[in-house]
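Q: I'm new to reading protein models and would like a close look at one helix and what surrounds it. Could you walk me through it step by step?

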Amino acid sequence: CEACCRTDDCGQCDFCKDMKKFGGPNKIRQKCRLRQCEIRARQKEDKYRRHRLRQRHRVKSRHPEREERVRERESGQQPQCLGPGCVQGARTGSKYCSDGCGVKLAANRIYEILPQRIQQWQQSPCIAEEHGKRQLEKIRREQQQARGRLQDMEGRFHELETIISRAKQQSIREDEEVNEGDGEEADFQIFCVSCGHPINPKTALKHMERCYAKYESQTSFGSMYPTRIEG
């Protein structure tokens, strides 16, 4: 054909304006419209028509009701309203004679479908609900443990209060305790490890440290001078 024999682009069509040589972004990437083959274009058109015919044949075989409606529209007959118990004809471009018939049909469908869906929702377990129940049980356990601890602490607090009240009621005798302590300390004595002398328990640590430091300073291991400790 003439389009196949042509070598120059027109530069005016949308495909030429998209080309880089004419300053376009090169997104469509198609030949010039004047250089496109006419035979291939006809073949594509025929193929598209056959495809549409096949689709129509399938729709006819699958949906005969639609074909009847199309025939009624083409013949000029007015279709009947789809509303429940309605005998009037439908409006042009609609399936119902009025908005009320459409609302009635939708309400009937909802009342038929909704109870089944509600049963399905009730039967299916909710994960969020189970998770919430587990958290509630955990919180209740923690509350019970906290209450038990509080009761134990209250019992101990009352015991301490009773002990404090008893201690406040008793009278203290300072003179007798001081005298008894002095007598016990006088009877009880400790002997020093280093020197062997009897010492008072209150000053025992100081005396032992001094004795140890004294004898340690007097001893000389491996020196040329003799030890000055007697005995």
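A: Happy to! Let's begin with the overall layout: the protein has 8 helices and 2 strands. Read from the N terminus, the order of the elements is α-α-α-α-α-α-α-β-β-α. Please keep in mind that this is a predicted model.

The helix to look at is α5, which covers residues 99-123. How far apart should the ends of its 25 residues be, at 1.5 Å a residue? The expected span is 36 Å, because a helix is counted as 1.5 Å times one less than its number of residues. The end C-alpha atoms of α5 are 36 Å apart, so the model agrees with the expectation.

Now follow the path of α5 along its axis. Where does α5 bend? The bend, of about 30 degrees, is at Ile113. A proline, Pro115, follows within four residues of Ile113.

Next, which residues of α5 are buried? They are Cys101, Gly102 and Leu105. To count as buried, a residue must have under 20% relative accessible area. Here is a handy idea for looking at such a list: an α-helix has 3.6 residues a turn, so residues three or four places apart point the same way. With that in mind, find Cys101 and Leu105, two of the buried residues of α5, and compare their directions on your screen.

It helps to set α5 against the whole protein. Of the 231 residues in the protein, 10% are buried. The protein exposes about 21500 Å², and 50% of that area comes from carbon and sulfur atoms. What share of the contacts with a separation of 6 or more joins residues 24 or more positions apart? In this protein, that share is 12%.

For contrast with a helix, take a look at the loop between α2 (14-18) and α3 (38-62), where Asn26 lies. Arg29 has its place in the loop between α2 and α3 too. Phi of Asn26 is near 60 degrees, a positive value in a residue that is not glycine. Arg29 likewise has a phi near 60 degrees, and Arg29 is not a glycine either. Are these residues buried, partly exposed or exposed? Asn26 counts as partly exposed because its relative accessibility is 24%, while Arg29 is exposed at 64%.

Finally, a word on rings. The charged end of Arg33 sits over the ring of Phe15, 4.1 Å from the ring's centre. As for rings paired with each other, a search of the whole structure finds 0 aromatic pairs.

Note on methods. Residues numbered from 1 in each chain as written. Predicted model: local features only at pLDDT ≥ 70, side-chain atom pairs only at ≥ 80, totals over all residues. Heavy atoms only, no water. Phe/Tyr/Trp six-rings, centres within 6.5 Å; stacked < 30°, edge-to-face > 60°. Lys NZ or Arg CZ within 6 Å of the ring centre and 35° of its normal. Bend = angle between axes of the 7 residues up to and from the residue. Buried < 20%, exposed > 50% of the residue type's maximum accessible area, 1.4 Å probe, protein only. Contact = heavy atoms within 4.5 Å. Areas by Shrake-Rupley, 256 points an atom, 1.4 Å probe, with all protein chains shown as cover.
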